Each structure stands twice: as structure tokens, then as C-alpha cells.
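Please find below a note for a colleague at the bench, arranged as numbered points. The sequence and the model come first, and the comments follow.

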Amino acid sequence: MTMDLRRVDENFAVAPQVQPQDMQALADAGFVAVMCNRPDGEEPGQPDAATMRAAAQEAGLAFHHVPVSGGAFPPDALEQFASVRREAGGPMLAYCRSGTRCITMETLANPQGLTVDERLERAAAAGYDLAGLAPHLTD
């Protein structure tokens, strides 16, 4: 696998854009679900959600599309993200352009009910400095 997967915990990882041909490798690595946090058409050459969904399903993976853009994280998107995370039933990969949007959504949505420090430490351990979010987070 040549993807830049960053494990956040045993059941969640984030990554920059993955490709349709990566889906079988994700399934083989034990993932059961994939979530795309990019809107279609965000940049040229980006595979659209329908293409990614078909590839994921062909590999036996559940696929979820919870797109956000422009640094905005609307409450309904965060609620959907948290719901998908809680119901994944096993390891899940979330991807976007760089992975930052996914780890930010994880940190804001807090599907596991972690403290602010725990969430920021997990993001930092995965290579993402989200300290700037601290004023927007509560335990």
C-alpha cells in the first residue's frame, strides 16, 4: 500500500486522496468502511464520489460521502460524520485532499466522547497540529 495512511486509533485512520484502485488494499488491510470528506469537483482529476463508492463496494467496503469545504464544518455534517464513525462496525478510513479536514471533523465531532486534550493529542500523534481548534472545543 503506497497510501499515506495515518492511524488515529485502532478503528480510525485518515489519509490524503485515495484512488479507486486503493480500495482492495484497504479491505485487505482490515478496513470495513471508507468516508470521503471532499465535495465532487474540488480539483481537476479527483475521482468523484460515485466512482469511489463503486470501487469501495466492489472491494466489500461500506462507503460514506460527507463533503465539507472552505474550512466550514456545519453541525449537520459533524453529526453525520459522528454517526458514521459510531456505526462503522470496524476500522474506517476517512480521506480528503490532505487528511486535515478528516482529522478536524473527527476532533470537532468527537464521536468517542474524548476530552479536548485527548483529541488534540491524537491529532498531533497522527501528524496534524490542531491546537488552534482548542478554543472551539469542550470536554
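1. The expected span of a helix is 1.5 Å times one less than its number of residues. The model discussed here is predicted. In this model, helix H3 covers residues 75-87, 13 residues in all. From its first C-alpha to its last, H3 reaches 18 Å, close to the expected 18 Å.

2. Six positions deserve attention on the inner side of H3. Its buried residues are Ala-77, Leu-78, Phe-81, Ala-82, Val-84 and Arg-85. Viewed down the axis of H3, these buried residues fall within an arc of 165 degrees, so they line one face of the helix.

3. The other side of the helix should be read alongside this. On the face of H3 turned away from its buried side are the exposed residues Pro-75, Asp-76, Glu-79, Arg-86 and Glu-87. Gly-89 follows H3 and has a positive phi, near 75 degrees.

4. Which residues does Met-105 contact, leaving aside its neighbours within four places in sequence? Met-105 belongs to helix H4. It counts as buried because its relative accessibility is 0%, under the 20% cut-off. Among its contacts are Ala-77, Leu-78 and Phe-81, three residues that also appear in the list of buried residues of H3. The remaining contacts of Met-105 are Asn-37, Val-66, Val-68, Phe-73 and Asn-110. Between Met-105 and Pro-39 there are 14 Å in space, C-alpha to C-alpha, and 66 residues in sequence.

5. Asn-110 merits a separate check of its backbone. This residue is placed in the loop between helix H4 (100-109) and helix H5 (116-125). Its phi is near 50 degrees, which is a positive value in a residue other than glycine. With 17% relative accessibility, Asn-110 counts as buried, since the limit for that class is under 20%.

6. The last point concerns internal space. The structure holds 1 cavity of 30 Å³ or more, and the volume of the largest cavity is about 60 Å³. Its lining is formed by Val-8, Ile-103, Glu-106, Thr-107, Asn-110, Pro-111, Gln-112, Leu-114, Arg-119, Arg-122 and Ala-123. H4 and H5 are the elements that give two or more residues to this lining. By class, the lining of the largest cavity comprises 5 nonpolar, 3 polar and 3 charged residues. Asn-110 thus links two of these points: it is a contact of Met-105 and a lining residue of the largest cavity.

Terms used
Residues numbered from 1 in each chain as written. Predicted model: local features only at pLDDT ≥ 70, side-chain atom pairs only at ≥ 80, totals over all residues. Heavy atoms only, no water. Helix = DSSP H or I, 4+ residues; strand = E, 2+ residues; numbered from the N terminus. Buried < 20%, exposed > 50% of the residue type's maximum accessible area, 1.4 Å probe, protein only. Arc of directions from axis to C-beta. Contact = heavy atoms within 4.5 Å. 1 Å grid on protein atoms, 1.4 Å probe; cavity = no way out; pocket = protein on both sides within 12 Å on 5 of 7 lines; lining within 4 Å. Points joined across faces, edges and corners; volume = space filled by probe spheres on them. Nonpolar A, V, L, I, M, F, W, Y, C, P; charged D, E, K, R; others polar.
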